[in-house]
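Colleague: I am new to this one and would like to know how its features get their names. Please take me through the reasoning.

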Amino acid sequence: MNPILAAIRRHPVKGLSGQELPAVALTAGRALPFDRRYGLLNGTAALESGSDGWRLPTDFFTLDRVEKLATLDTEFDEATTSLIVRRGGRQVSRGRLDQPMGRTLLEQFFAAYLAGTVPGMPRLVEAASGAFGDHEEPSLVLLNLASLRDLEERVAKQPVDPRRFRANLWIDGLDPWVERSWTGQSLSVGGATLEIVGPVDGRPANDVNPDNGATDLNLLPIMERGYGHCQIAVRARVTGGGRIAQGDPVSPPKQA
């Protein structure tokens, strides 16, 4: 099987559920459009009046700290910049992220839903430029599905949902773990060119079941024991913009 782009996913609000895209245009030096464009500041950080630029991941509500966020299903409407929040299939909140009243409605819902997690009122913020990724440099996260299958079969001994890793691009048709040798090299995906910055370390959020919020895996120690590392994905910067779509060919770096 020749390598292909199996899925494109973005997370418009950091820490909340993802959204699958059939196609998207990438821009050099930018993240996936609307990926982690918004974030829900935790109680302490929400009281600060600092910059609306990039912030540390610890400033936000994320699955690392609040597993129950996984029980919410969110839908982002790019045309109206609206966020719809559902729980158990029922709509529990809705608001426009580009309007103060819309953000207030959503903040009030999250304040009630996350009551007791941290003190203070959650606050929705928008990244003025770039995205609220784990690194200040705008980037994408790539997941090799063959590596995930190897992890399932050899180490985890159970199915592992790829959504746990919150990657933007899922690639199929590669050899397992070949992506770990790509740092500093370039690959093409559809009409875009990406440069691999380095591996992405696993984190406690990967243990959270994306369907029910249960912490039902312990991936970091079992990967360390099984492989001697806990890196399940790689981070890339967009160096050449272009359109990408599900099913597009992927041309990986040439192996020495």
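**Sheet, cavities and rings**

Modeller: In strand 10, Asp172 is the bridge partner of Ile4. Keep in mind that this is a predicted model.

Colleague: What makes strand 1 and strand 10 a pair, and in which sense do they run, parallel or antiparallel?

Modeller: A pair needs at least two bridges. Strand 1 (residues 4-10) and strand 10 (residues 169-172) have four bridges, in the antiparallel sense. Four bridges meet the cut-off, so the two strands count as paired.

Colleague: What is the order of the strands in the open sheet?

Modeller: The eight strands follow the order 2-1-10-9-13-12-11-15, and their pairing is mixed.

Colleague: Why are strand 2 and strand 15 said to stand at the edges?

Modeller: Strand 2 (19-21) and strand 15 (250-251) each have a single partner strand, so one side of each has no neighbour in the sheet.

Colleague: Which strands does helix 3 touch?

Modeller: Helix 3 (residues 145-156) packs on the sheet and touches strand 1, strand 9 (140-144), strand 10 and strand 13 (231-240). Contact here means heavy atoms within 4.5 Å. The direction of helix 3 makes about 55° with that of strand 9.

Colleague: How many cavities of 30 Å³ or more does the search find?

Modeller: The search of the whole structure finds two. The largest cavity has a volume of about 40 Å³, and the second largest holds about 30 Å³ of space.

Colleague: What lines the largest cavity, and how do its residues divide into nonpolar, polar and charged?

Modeller: The lining consists of Leu142, Leu143, Asn144, Ile171, Leu174, Glu179, Trp182 and Val234. Six of these residues are nonpolar, one is polar and one is charged. Glu counts as charged, so Glu179 is the charged residue in this lining. Strand 9 gives the most, with three residues.

Colleague: How does the lining of the second largest cavity divide?

Modeller: It has three nonpolar residues, four polar and one charged. Gly counts as polar, so Gly18 belongs with the polar residues of this lining. Strand 5 (residues 72-77) gives the most here, with three residues.

Colleague: Why is the pair of Phe34 and Phe76 called tilted?

Modeller: The search finds six aromatic pairs. Among them, the rings of Phe34 and Phe76 have their centres 5.2 Å apart, within the 6.5 Å cut-off. Their planes stand at 45°, neither under 30 degrees nor over 60, so the pair is tilted.

Colleague: What does this pair tie together?

Modeller: Phe34 lies in the loop between strand 3 (23-26) and strand 4 (38-41), and Phe76 in strand 5, so the pair ties together parts that are 42 residues apart in sequence.

How values were computed:
Residues numbered from 1 in each chain as written. Predicted model: local features only at pLDDT ≥ 70, side-chain atom pairs only at ≥ 80, totals over all residues. Heavy atoms only, no water. Axes fitted to C-alpha atoms, helices over the stretch in contact; angles between N-to-C directions. 1 Å grid on protein atoms, 1.4 Å probe; cavity = no way out; pocket = protein on both sides within 12 Å on 5 of 7 lines; lining within 4 Å. Points joined across faces, edges and corners; volume = space filled by probe spheres on them.
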